[in-house]
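Trainee: I'd like a close look at one part of this complex, the place where protein meets DNA. Could you start from a single contact and work outwards from there?

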Number of protein chains: 2
Amino acid sequence: MQLDERKMKILQAIVRNYLETGEPVGSRTISKYTDLNLSSATIRNEMADLEELGYILQPHTSAGRIPSDKGYRLYVDTMMREKENEVSRMQEMLLEKEEKMETLLKKVAKVLAANTNYATMISAPVVRGNKLKFIQLSRVDARQLVAVVVIEGNIIKNTILNVEEEIDDETLLKLNILLNTNLNGLAIDQINLAMITMLKQQAGIHSQIISDVIDAVADAIRSDEDLEIYTSGANNIFKYPELSDQQKASDIINTFEEKELLAALAADNLESEQSQEIQVYIGDESKVASMKDCSVVTATYELGEGMRGTIGIVGPKRMDYEKVVDTLKNLKEQLDTLYKIT
Amino acid sequence: MQLDERKMKILQAIVRNYLETGEPVGSRTISKYTDLNLSSATIRNEMADLEELGYILQPHTSAGRIPSDKGYRLYVDTMMREKENEVSRMQEMLLEKEEKMETLLKKVAKVLAANTNYATMISAPVVRGNKLKFIQLSRVDARQLVAVVVIEGNIIKNTILNVEEEIDDETLLKLNILLNTNLNGLAIDQINLAMITMLKQQAGIHSQIISDVIDAVADAIRSDEDLEIYTSGANNIFKYPELSDQQKASDIINTFEEKELLAALAADNLESEQSQEIQVYIGDESKVASMKDCSVVTATYELGEGMRGTIGIVGPKRMDYEKVVDTLKNLKEQLDTLYKIT
DNA sequence: ATTTAGCACTCGATTAGGGTGAGTGCTAAC
DNA sequence: GTTAGCACTCACCCTAATCGAGTGCTAAAT
């Protein structure tokens with residue numbers, strides 16, 4: 001059986017109503033809610049059909065219906081109205097090109113959570129494909145070096161390394177030249193074991209120390225391969241009774257605190273083909289077990305020079321998809337342009 | 001009325017029992033629990049006295065007694081047995097001098113939370129009094145400089161700065177010399193406005209750019225004045241019914257997520273005179289409103305060279321103080337020695 | 001062939017009442 | 001000062017009763 005227009009309208013009404021109230025919605029309500037002018041009995045018949053088709057379900061026999069995941073999915077895919085051109089409430093955020101990206105992202109997560117009343121996460125842009133711009137080894141102390149690496153997008157990495165014996169100025173200079181000529185302009189993910197071995201060989205006679213230095217520099221460059229995640233508003237879930245249950249709340253909070261699972265989610269998202277679009281994961285669709293009762297809406301942003309990250313909003317399945325998608329679109333655009341101007 | 005020895009013993013028994021069970025404890029239980037060989041009636045009389053003195057209270061008329069904050073305080077101050085020399089369960093932690101302090105602290109917070117079943121926080125050591133070891137400005141691009149500052153304790157700070165016009169090698173060298181001769185060896189908190197103005201004057205003719213550079217470097221040095229806080233196991237609070245209440249849980253989780261309040265707590269703690277000791281804050285004593293139903297146990301650790309930070313354990317008032325204090329003492333010692341050896 | 005009115009039915013939620021038991025405070029005896 | 005005894009309190013649990021929103025089905029109306 002295919003969904004005719006009336007069934008669509010009814011399903012849409014059920015979803016809308018449930019999003020607002022959070023309570024199962026009955027046939028009488030729909031009968032009055034829509035402009036279909038049908039009696040509750042007719043609606044009941046249609047609802048029975050919709051249930052059989054798996055779009056809605058009854059929490060218990062004598063209750064109204066609530067949308068199933070399949071129902072939400074259909075709603076999100078085909079029935080959601082776009083709030084085109086409506087001025088976004090996020091406008092007040094006033095993103096500035098702040099000095100530290102970390103600060104900026106934390107702020108975004110926070111404002112987003114405060115504006116939406118959902119939990120938010122945002123992954124720092126991943127730098128894998130970016131190129132090295134600058135490497136420098138300097139002596140701090142007699143036996144201490146500091147290595148500074150600057151990557152496209154002005155990401156700075158550094159590491160302190162202690163050496164057994166002193167390294168003289170000449171060696172230091174040689175090392176600097178060696179590192180720069182060989183690594184400059186390379187992408188991060190090109191710095192693999194083979195590359196490092198090659199470097200070590202070129203360094204030649206310079207024994208163990210050199211080898212250590214190169215290793216340390218390589219390590220510093222490749223550090224943070226796992227996504228850095230910033231979160232905010234995890235406690236917003238307590239605003240939704242269906243998530244405030246002891247066990248569920250604990251699980252969700254834990255997911256937000258540990259962050260590994262969120263990182264996986266973000267990584268998945270970045271690799272997905274449609275990641276240019278806003279994505280909606282309903283219930284189990286997100287593959288994170290603790291979110292089986294949540295919906296996750298994600299967007300991919302780009303901070304120029306190919307550095308992409310993921311923004312995610314986590315809330316109950318009955319989240320206000322229209323508002324969330326709209327807000328995310330807006331935010332994504334702001335972030336995308338933020339670093340493009342300069 | 002002063003507490004005689006018998007009242008002390010009874011109070012102690014009440015606290016011990018309550019810590020274990022989490023249930024109000026009645027006179028009959030105490031009568032059997034202790035070696036005082038007193039009937040429940042006698043205990044009842046004594047308990048009435050203890051209640052009048054404010055050490056215990058009744059949740060409701062026909063229930064047993066639970067310790068009041070004052071009762072807990074007396075217990076912690078005078079009655080707690082030290083688990084001297086018992087092998088600490090934290091031994092498995094195997095702290096290593098990991099490359100990154102951030103990683104180390106996150107790990108400590110995590111392991112501590114997993115071991116104690118309470119929520120944990122740890123503040124990164126504050127560097128205010130530490131001295132600058134090394135400053136270097138380098139050119140990355142034609143119009144881009146990177147400033148790297150190394151501080152005692154091997155803390156590295158850096159910043160990228162964009163300049164309007166190119167700075168030639170000679171100017172760069174001069175700037176480097178200027179910065180190093182003037183700032184090296186100074187403590188962070190000595191780099192104030194007067195200092196910076198003085199520097200700018202010394203730079204003399206070199207116009208706006210130089211001034212900008214100096215400002216940026218000064219900013220980088222003084223960044224992170226607010227304490228960095230790492231937390232773990234916030235969801236452990238769900239293991240204690242008295243904290244799992246919707247409102248309380250939300251408040252506590254929020255405190256752990258926002259971190260500002262925790263930072264304030266850590267800062268308070270660092271400035272307190274007795275901060276060398278393990279500190280116990282019961283209920284309102286901690287001044288963080290959301291923790292009025294919790295106890296907070298803190299320790300100050302020192303990572304050599306005067307860098308001190310705070311570790312905190314947050315749990316219900318009926319937390320296992322003995323175990324927690326013991327564990328913290330142990331951990332504190334491990335951290336204190338960790339960086340001393342080298 | 002749809003739609004609708006009517007009605008019996010279901011079942012979660014709420015309320016009320018009764019019993020239980022842990023624990024108390026008080027009194028009188030030891 | 002201590003203890004046995006006893007009446008009393010009150011949270012907690014269980015059960016039954018009631019309520020009401022909402023359903024599914026049937027039969028009549030369109």
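Trainee: Which kind of atom of DNA strand D is 3.2 Å from an N or O atom in the side chain of R44(B)?

Mentor: It's a base oxygen: that atom of DNA strand D sits 3.2 Å from an N or O atom in the side chain of R44(B). Keep in mind that we're looking at a predicted model. R44(B) has a contact with the other strand too, since one of its polar side-chain atoms lies 3.1 Å from a base nitrogen of DNA strand C. So you can find base contacts from R44(B) on strand D and on strand C.

Now let's widen the view on strand D. There are 21 residues around it, and the ones that come nearest are S27(A), R65(A), R6(B), T42(B) and S62(B). Not much of what the protein approaches here is base: of the strand D atoms within 4 Å of the protein, 72% belong to sugar or phosphate, and the rest belong to bases. Two of those nearest residues show what the backbone contacts look like. R6(B) has a side-chain N or O atom 2.7 Å from a phosphate oxygen of strand D, while S62(B) puts a side-chain N or O atom 3.0 Å from a sugar or linking oxygen. Sorted by class, the surface near strand D has four nonpolar, 13 polar and four charged residues. Helix α3 of chain A and helix α3 of chain B each supply at least two residues of that surface, with the largest share, four residues, coming from α3(B).

Switch to strand C and look for its own set of neighbours. Here 22 residues surround the strand, and R6(A), S39(A), T42(A), S62(A) and S27(B) come nearest. Sugar and phosphate make up 73% of the strand C atoms that come within 4 Å of the protein. Two phosphate contacts are worth picking out. S39(A) uses its backbone, with an N or O atom 3.0 Å from a phosphate oxygen; T42(A) uses its side chain, with a polar atom 2.6 Å from a phosphate oxygen. The class tally for the surface near strand C is five nonpolar, 13 polar and four charged residues. Once more α3 (40-52) of chain A and α3 (40-52) of chain B each give at least two residues, but on this strand the largest share, four residues, is from α3(A).

How do the two chains relate? Chain B can be laid on chain A by a turn of 180° and a shift of 0.1 Å along the axis, giving an RMSD of 0.2 Å. The two copies are thus related as by a two-fold rotation axis. The same surface serves both copies, and 100% of the contact residues of chain B recur in chain A.

While you have chain B on screen, have a look at its sheets. One is an open sheet of five strands in the order β7-β3-β10-β9-β8, paired antiparallel. β7 (229-232) and β8 (279-282) are at the edges with a single partner strand each, so one side of each has no neighbour in the sheet. Neighbouring strands in this sheet are turned by 20° against each other on average, ignoring direction. Within it, β3 (residues 119-123) and β10 (residues 308-316) of chain B pair antiparallel over four bridges, and M121(B) has G312(B) as its bridge partner in β10(B). Helix α10 (residues 246-258) of chain B packs on this sheet, touching β3, β7, β9 (294-302) and β10, and its direction makes about 25° with that of β3(B).

The other one to find is an open, antiparallel sheet of three strands, ordered β4-β5-β6 in chain B. Its edges are β4 (132-141) and β6 (155-162), each with a single partner strand, so one side of each is left without a neighbour in the sheet. β4(B) is joined to β5 (residues 144-151) by eight bridges, running antiparallel, and I135(B) has V149(B) as its bridge partner in β5(B). Across β4 and β5 lies helix α6 (residues 169-183) of chain B, at about 165° to β4(B). N180(B) belongs to that helix, and its side chain reaches the backbone oxygen of I135(B) at 2.9 Å. Leaving aside neighbours within four places in sequence, N180(B) is in contact with F134(B) and I135(B).

Definitions and conventions. Residues numbered from 1 in each chain as written. Chains lettered and ligands numbered in written order. Predicted model: local features only at pLDDT ≥ 70, side-chain atom pairs only at ≥ 80, totals over all residues. Heavy atoms only, no water. Near = heavy atom within 4 Å. Polar contact = N/O pair within 3.5 Å; in protein donor to acceptor, adjacent residues only side chain to side chain. Nonpolar A, V, L, I, M, F, W, Y, C, P; charged D, E, K, R; others polar. Pairing = 2+ DSSP bridges. Axes fitted to C-alpha atoms, helices over the stretch in contact; angles between N-to-C directions. Contact = heavy atoms within 4.5 Å. Least-squares fit on C-alpha atoms with pLDDT ≥ 70 in both.
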